[in-house]
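Let me bring up the model for this week, and please keep the sequence open alongside it while I talk.

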Amino acid sequence: MTVASQPEPPAEDAAERVERRWAVVSTSIIGLLVFLAAFAGVHQATMPQSRVETVDPRTLHVAGEFIETNLGSAVEPDGSVTVRVVGQQYSFTPQCIVVPTHTLITFRAASADVVHGFLIQNTNVNLMLVPGYVSTISTRFASPVESVMPCHEYCGSGHQAMWAHVRVIDKTEFMRLAKEQRRVSCVAP
Ligand code: CUA
(Lines give C-alpha, C1' and ligand atoms only; values in the text may rest on other atoms or scores of the structure.)
Protein backbone atom coordinates (compact mmCIF):
# COMPACT_ATOMS: atom_id res chain seq x y z
CA MET A 1 0.00 0.00 0.00
CA THR A 2 1.36 3.37 -0.95
CA VAL A 3 0.71 6.66 0.83
CA ALA A 4 -0.46 9.39 -1.50
CA SER A 5 1.98 12.25 -1.15
CA GLN A 6 1.34 15.86 -2.00
CA PRO A 7 2.78 16.65 -5.38
CA GLU A 8 5.87 18.89 -4.99
CA PRO A 9 5.14 22.38 -6.34
CA PRO A 10 7.33 23.36 -9.24
CA ALA A 11 10.59 25.08 -8.19
CA GLU A 12 9.64 28.36 -9.91
CA ASP A 13 6.56 28.71 -7.66
CA ALA A 14 8.64 28.25 -4.50
CA ALA A 15 11.16 30.82 -5.70
CA GLU A 16 8.40 33.30 -6.46
CA ARG A 17 6.84 32.82 -3.01
CA VAL A 18 10.16 33.45 -1.29
CA GLU A 19 10.78 36.52 -3.49
CA ARG A 20 7.37 37.95 -2.66
CA ARG A 21 7.85 37.35 1.05
CA TRP A 22 11.24 39.07 0.95
CA ALA A 23 9.80 41.98 -1.03
CA VAL A 24 7.17 42.49 1.69
CA VAL A 25 9.79 42.29 4.48
CA SER A 26 12.23 44.69 2.83
CA THR A 27 9.49 47.17 1.89
CA SER A 28 8.29 47.09 5.52
CA ILE A 29 11.82 47.79 6.79
CA ILE A 30 12.15 50.77 4.42
CA GLY A 31 8.69 51.99 5.44
CA LEU A 32 9.60 51.73 9.14
CA LEU A 33 12.86 53.67 8.63
CA VAL A 34 11.07 56.42 6.69
CA PHE A 35 8.47 56.62 9.47
CA LEU A 36 11.15 56.84 12.19
CA ALA A 37 13.07 59.55 10.31
CA ALA A 38 9.88 61.55 9.77
CA PHE A 39 8.82 61.10 13.40
CA ALA A 40 12.23 62.21 14.71
CA GLY A 41 12.24 65.20 12.36
CA VAL A 42 8.69 66.42 12.87
CA HIS A 43 8.09 65.44 16.49
CA GLN A 44 11.56 65.84 17.99
CA ALA A 45 12.93 68.39 15.50
CA THR A 46 16.15 66.46 14.93
CA MET A 47 16.38 66.80 11.17
CA PRO A 48 19.76 67.52 9.70
CA GLN A 49 20.44 71.25 9.72
CA SER A 50 18.44 73.01 7.06
CA ARG A 51 21.14 75.63 6.69
CA VAL A 52 24.89 75.67 7.04
CA GLU A 53 26.71 78.79 8.19
CA THR A 54 30.31 79.10 7.22
CA VAL A 55 33.04 81.32 8.63
CA ASP A 56 36.68 81.70 7.65
CA PRO A 57 38.84 80.40 10.54
CA ARG A 58 41.84 82.41 9.27
CA THR A 59 40.09 85.75 9.81
CA LEU A 60 38.01 84.73 12.86
CA HIS A 61 39.97 87.00 15.23
CA VAL A 62 40.26 90.04 12.97
CA ALA A 63 36.85 90.58 11.41
CA GLY A 64 33.20 89.65 11.67
CA GLU A 65 31.03 88.12 14.35
CA PHE A 66 33.75 86.30 16.29
CA ILE A 67 36.19 89.13 16.99
CA GLU A 68 37.22 89.16 20.65
CA THR A 69 35.13 92.20 21.67
CA ASN A 70 32.00 90.45 20.40
CA LEU A 71 32.48 87.23 22.40
CA GLY A 72 30.47 86.44 25.52
CA SER A 73 26.76 86.79 26.29
CA ALA A 74 24.61 89.43 24.60
CA VAL A 75 20.95 90.26 25.19
CA GLU A 76 18.94 90.31 21.96
CA PRO A 77 16.05 92.73 21.30
CA ASP A 78 13.57 89.85 21.81
CA GLY A 79 14.95 89.17 25.30
CA SER A 80 16.82 86.00 24.40
CA VAL A 81 20.56 85.71 24.98
CA THR A 82 23.20 84.85 22.38
CA VAL A 83 26.54 83.51 23.59
CA ARG A 84 29.44 83.69 21.15
CA VAL A 85 32.41 81.45 21.85
CA VAL A 86 35.64 80.65 20.01
CA GLY A 87 37.54 77.42 20.61
CA GLN A 88 41.24 77.22 19.82
CA GLN A 89 44.15 75.01 20.88
CA TYR A 90 43.84 74.84 23.94
CA SER A 91 41.20 77.11 25.39
CA PHE A 92 37.79 78.64 24.94
CA THR A 93 37.18 82.38 24.74
CA PRO A 94 35.61 83.51 26.99
CA GLN A 95 37.07 81.22 29.65
CA CYS A 96 34.03 81.73 31.85
CA ILE A 97 30.54 82.03 30.37
CA VAL A 98 27.65 83.67 32.23
CA VAL A 99 24.04 83.00 31.27
CA PRO A 100 20.69 83.76 32.96
CA THR A 101 18.06 81.29 34.20
CA HIS A 102 14.64 80.96 32.49
CA THR A 103 15.83 82.51 29.22
CA LEU A 104 16.28 81.16 25.71
CA ILE A 105 20.04 80.89 25.27
CA THR A 106 21.58 80.39 21.84
CA PHE A 107 25.21 79.37 21.67
CA ARG A 108 27.09 80.32 18.50
CA ALA A 109 30.57 78.86 18.43
CA ALA A 110 33.41 78.50 15.96
CA SER A 111 36.87 76.98 15.90
CA ALA A 112 39.97 78.94 14.98
CA ASP A 113 42.08 75.90 14.16
CA VAL A 114 41.11 72.21 14.48
CA VAL A 115 37.99 70.24 15.49
CA HIS A 116 37.03 70.80 19.14
CA GLY A 117 34.19 69.54 21.30
CA PHE A 118 31.70 71.81 23.07
CA LEU A 119 29.89 70.15 25.95
CA ILE A 120 28.25 71.64 29.03
CA GLN A 121 28.21 68.95 31.68
CA ASN A 122 24.84 67.62 32.84
CA THR A 123 22.98 69.37 30.00
CA ASN A 124 22.05 68.44 26.46
CA VAL A 125 24.40 71.11 25.06
CA ASN A 126 26.80 69.05 22.99
CA LEU A 127 28.37 70.30 19.77
CA MET A 128 31.39 69.83 17.58
CA LEU A 129 33.29 72.89 16.48
CA VAL A 130 34.44 72.21 12.95
CA PRO A 131 36.79 74.80 11.42
CA GLY A 132 34.96 76.75 8.73
CA TYR A 133 31.48 76.35 10.22
CA VAL A 134 29.37 78.07 12.88
CA SER A 135 27.89 75.59 15.38
CA THR A 136 24.66 76.61 17.08
CA ILE A 137 22.43 75.18 19.78
CA SER A 138 19.64 76.66 21.91
CA THR A 139 18.72 75.75 25.45
CA ARG A 140 17.25 77.02 28.71
CA PHE A 141 18.54 76.68 32.26
CA ALA A 142 15.98 76.21 35.03
CA SER A 143 18.10 77.09 38.04
CA PRO A 144 21.40 78.75 38.94
CA VAL A 145 24.27 76.31 38.63
CA GLU A 146 28.00 76.25 38.12
CA SER A 147 29.11 73.85 35.42
CA VAL A 148 32.20 72.95 33.46
CA MET A 149 32.58 72.85 29.72
CA PRO A 150 35.36 70.47 28.69
CA CYS A 151 36.51 69.99 25.10
CA HIS A 152 35.55 66.42 24.28
CA GLU A 153 37.20 65.96 20.89
CA TYR A 154 40.87 65.10 20.93
CA CYS A 155 42.49 68.22 19.49
CA GLY A 156 46.19 67.85 20.28
CA SER A 157 48.69 67.50 23.10
CA GLY A 158 46.91 70.08 25.32
CA HIS A 159 43.42 68.65 24.82
CA GLN A 160 42.93 67.59 28.43
CA ALA A 161 43.59 71.14 29.63
CA MET A 162 41.00 72.70 27.33
CA TRP A 163 37.86 73.61 29.22
CA ALA A 164 35.76 76.56 30.34
CA HIS A 165 33.35 77.41 33.17
CA VAL A 166 29.65 78.02 32.71
CA ARG A 167 27.89 80.05 35.39
CA VAL A 168 24.09 80.14 35.28
CA ILE A 169 22.90 83.06 37.42
CA ASP A 170 19.56 84.54 38.37
CA LYS A 171 17.90 86.36 35.47
CA THR A 172 17.49 89.66 37.35
CA GLU A 173 21.16 89.68 38.30
CA PHE A 174 22.16 88.87 34.71
CA MET A 175 20.04 91.67 33.25
CA ARG A 176 21.65 94.10 35.70
CA LEU A 177 25.12 93.03 34.49
CA ALA A 178 23.99 93.25 30.87
CA LYS A 179 22.99 96.90 31.37
CA GLU A 180 26.52 97.71 32.53
CA GLN A 181 28.40 95.72 29.91
CA ARG A 182 27.84 95.17 26.21
CA ARG A 183 29.04 91.55 26.52
CA VAL A 184 28.78 89.60 29.74
CA SER A 185 31.31 87.02 30.86
CA CYS A 186 33.10 86.12 34.08
CA VAL A 187 36.70 85.54 34.98
CA ALA A 188 37.50 81.92 35.66
CA PRO A 189 37.79 81.36 39.42
CU1 CUA B 1 39.98 71.15 22.02
CU2 CUA B 1 40.18 68.89 22.72
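**Strands, rings and one arginine**

I would like to begin with a single pairing, in which serine 147 has valine 166 of strand S10 as its bridge partner. Before going further I should say that this is a predicted model, in which local features need pLDDT of at least 70 and side-chain atom pairs count only at pLDDT 80 or more, while totals for chains, interfaces and linings use all residues. Residues are numbered from 1 along each chain as its sequence is written, and side-chain values use heavy atoms, with hydrogens and water left out.

As for the overall layout, the protein has two helices and ten strands, these being DSSP runs numbered from the N terminus, with helices as H or I of at least four residues and strands as E of at least two. Read from the N terminus, the order of the elements is α-β-β-β-β-β-β-β-β-β-β-α. Of the 189 residues in the protein, 34% count as buried, where buried means under 20% relative accessible area, exposed over 50%, and partly exposed in between, with a 1.4 Å probe and protein chains only. If we take the contacts in the protein with a separation of 6 or more, 62% of them are accounted for by residues 24 or more positions apart, a contact being heavy atoms within 4.5 Å.

Let me return to the sheet around S10. Three strands form an open sheet of mixed pairing, and their order is S4-S10-S9. S4 and S9 are at the edges with a single partner strand each, so each of them has one side without a neighbour in the sheet. Two strands are said to pair if DSSP finds at least two bridges between them. Strand S9, residues 145-150, runs antiparallel to S10, and six bridges join the two; strand S4, residues 96-100, pairs with S10 in the parallel sense over five bridges. On that parallel side, cysteine 96 has histidine 165 of S10 as its bridge partner, and proline 100 has isoleucine 169.

Buried or exposed: what are most of the residues of S10? Five of the seven residues in S10, which spans residues 163-169, are buried, so this strand is largely enclosed by the rest of the structure.

Now to the aromatic rings. Searching the whole structure gives three aromatic pairs. In one of them the rings of phenylalanine 92 and phenylalanine 118 have centres 6.1 Å apart and planes at 85°, so this pair is edge-to-face. That pair links distant parts of the chain, with phenylalanine 92 in strand S3 (residues 91-93) and phenylalanine 118 in strand S6 (residues 116-119), 26 residues apart. Phenylalanine 92 has a relative accessible area of 1% and is therefore buried, and phenylalanine 118, at 0%, is buried as well. Phenylalanine 118 also forms an edge-to-face pair with phenylalanine 107, at 5.7 Å centre to centre and 65° between the planes. Here too distant parts of the chain are linked, since phenylalanine 107 is in strand S5 (residues 105-111) and phenylalanine 118 in S6, eleven residues apart. Phenylalanine 107 is buried, as is phenylalanine 118, and ring pairs link Phe92, Phe107 and Phe118 into a cluster. The criterion is that rings of Phe, Tyr and Trp (its six-membered ring) pair if their centres lie within 6.5 Å, with planes under 30 degrees apart counted as stacked, over 60 as edge-to-face and the rest as tilted.

Strand S5 also holds arginine 108, which has 14% relative accessibility and therefore counts as buried. Which side chains does arginine 108 join through polar contacts? One is glutamate 53, at 2.8 Å, and another is glutamate 65, at 2.5 Å; a polar contact is a pair of N or O atoms within 3.5 Å, where within protein one must be able to donate a hydrogen and the other to accept it, and residues adjacent in sequence count only if both atoms are side-chain atoms. Leaving aside residues up to four places away in sequence, arginine 108 touches several others, including Phe66, Thr82, Arg84, Val134 and Thr136.

I will finish with threonine 172, which is placed in helix H2, residues 171-180. Threonine 172 has a relative accessible area of 62% and is therefore exposed. Its C-alpha atom is separated by 9.0 Å from that of threonine 101, although the two residues are 71 residues apart along the chain.
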